[in-house]
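Open the model in your viewer and keep the selection box ready. Each stop below gives you something to select and tells you what is there.

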Amino acid sequence: MDKRRRGIYILPNLFTTAALFAGFYAIVQAMNDRFEYAAVAIFVAMVLDGLDGRIARLTHTQSEFGAEYDSLSDMVSFGAAPALVMYEWALQDLGKFGWIAAFIYCAGAALRLARFNTNIDVVDKRYFQGLPSPAAAALVAGMVWVGIDNGFAGDELRWYAAVLTIFAGVSMVSNVLFWSGKSINLRKSVPFIVLIALVLAFALISSYPPGILFGLFLAYAASGYVVAALRWRKRKLHRQEQPAAPTCYEGSESPAAPVEGDSTDPGSKP
């Protein structure tokens, strides 16, 4: 029984290690100018990162070690790896501005993970505060993958790459809320139409993985700002519709100034 229990705890950490290896593999491939392999490796790391937490919860093997190990793995796979891949592919032609843009993304990922670990018990589980680091990494890797698949060189898209990299880095440390998807209960029965929608989604992604995945994560990154703008507009309209507080009652007269000698204060002059 003791051996079996140790094996269960090893299981989620194996997925975390695999995600870490995928991030490291992406860095190595970027150094060898094989950017398409590097971009795909980041997406693989994202899938593995989503599995380790779910496996730990399903097998009841959550631990402080696993949480810390997962954060360190995320920093490599979704912080350092995307920044280096994008820098090697497009940003290095921009000089200082290029590596500053890459550093903004890398620092944003580190701050995002640190804030997530400290606020994990106080935030609303339905939403992420700031863009999740895997989604930000998917934005960066998706652009690299789409650009290569359509025959673009990195220097041709360097300014677009810089803007997207900075946008992803800033979004990770913003206070914008993004839907987490944790409210979905995988153990709950669903209508048959949901299964059909999942099949169609897989078919759509398989038809053109680079473009569809990049488009999905770009829409997800924009969704937080769209919802925030709609909430701000709703609050603004609500404040405008509230009636102003009346200064005096209708039909009432303002009180007259007191006349000397009429005061009820015993200490006043007669």
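Exposed means over 50% relative accessible area, buried means under 20%, and partly exposed lies in between. Keep these cut-offs at hand for the stops below. Note also that this is a predicted model.

**The whole chain**

Color by secondary structure. The chain has 8 helices and 2 strands. Follow the sequence and the pattern reads α-α-α-α-β-α-α-β-α-α. Of the 270 residues in the chain, 34% are buried.

**Helix 1 and the loop after it**

Select Thr17. Thr17 sits in helix 1. Its relative accessibility is 36%, so Thr17 counts as partly exposed. Now add Asp70 to the selection. Thr17 and Asp70 are 53 residues apart in sequence, yet their C-alpha atoms are 8.6 Å apart in space.

Next, go to Asp33. Asp33 belongs to the loop between helix 1 (2-31) and helix 2. Is Asp33 buried or exposed? Its relative accessible area is 55%, which is over the 50% cut-off, so Asp33 is exposed. Check the backbone too. Most residues other than glycine have a negative phi. Asp33 is not a glycine, but its phi is positive, about 65°.

**Helix 2**

Select residues 35-58. This is helix 2, with 24 residues. Put a distance between its end C-alpha atoms: they are 35 Å apart. At 1.5 Å a residue the helix should span 34 Å, so the two values agree.

Stay on helix 2 and pick Arg57, which lies in this helix. At 47% relative accessibility, Arg57 is partly exposed. Now add Arg54, Lys125 and Lys182. Together with Arg57, these residues form a positive surface patch.

Move past the end of the helix. Which residue with a positive phi follows helix 2? It is His60, with phi near 55°. His60 is another residue other than glycine with a positive phi. Its place is the loop between helix 2 and helix 3. With a relative accessibility of 60%, His60 counts as exposed.

**Helix 3**

Select residues 64-89 for helix 3 and find Glu68 there. Glu68 has 46% relative accessibility and counts as partly exposed. Add Asn117. Glu68 and Asn117 are 49 residues apart in sequence, and 8.8 Å separates them from C-alpha to C-alpha.

Then select Gly79, also found in helix 3. Is Gly79 buried or exposed? Gly79 has a relative accessible area of 0%, so it is buried. Add Ala107 to see another pair. Gly79 and Ala107 are 28 residues apart along the chain, with 7.8 Å between their C-alpha atoms.

**Helix 7**

For the last stop, select residues 192-207, which make up helix 7. Show the side chains and switch on the surface. Then highlight Phe192, Ile193, Val194, Leu195, Ile196, Leu198, Leu200 and Phe202. What kind of surface patch do these residues form? The patch is nonpolar, and together its residues have about 810 Å² of accessible area.

Zoom in on Leu198, one of the patch residues. Leu198 lies in helix 7. Its relative accessible area is 45%, so Leu198 is partly exposed.

Note on methods: Residues are numbered from 1 along each chain as its sequence is written. This is a predicted model: local features need pLDDT of at least 70, side-chain atom pairs count only at pLDDT 80 or more; totals for chains, interfaces and linings use all residues. Side-chain values use heavy atoms; hydrogens and water are left out. Helices (H or I, at least four residues) and strands (E, at least two) are DSSP runs, numbered from the N terminus. The expected span of a helix is 1.5 Å times one less than its number of residues. Patches are made of residues with over 30% relative accessible area and no salt bridge: like charges are joined within 9 Å, nonpolar side chains (Val, Leu, Ile, Met, Phe, Trp, Tyr) within 5 Å. Accessible areas come from the Shrake-Rupley method with a 1.4 Å probe; for residues, only the protein chains shown count as cover. A salt bridge is a side-chain nitrogen of Lys or Arg within 4 Å of a carboxyl oxygen of Asp or Glu. Buried means under 20% relative accessible area, exposed over 50%, partly exposed in between (1.4 Å probe, protein chains only). Lys and Arg count as positive and Asp and Glu as negative; His and the chain ends are not counted. The place of a charge is taken as NZ of Lys, CZ of Arg, CG of Asp or CD of Glu.
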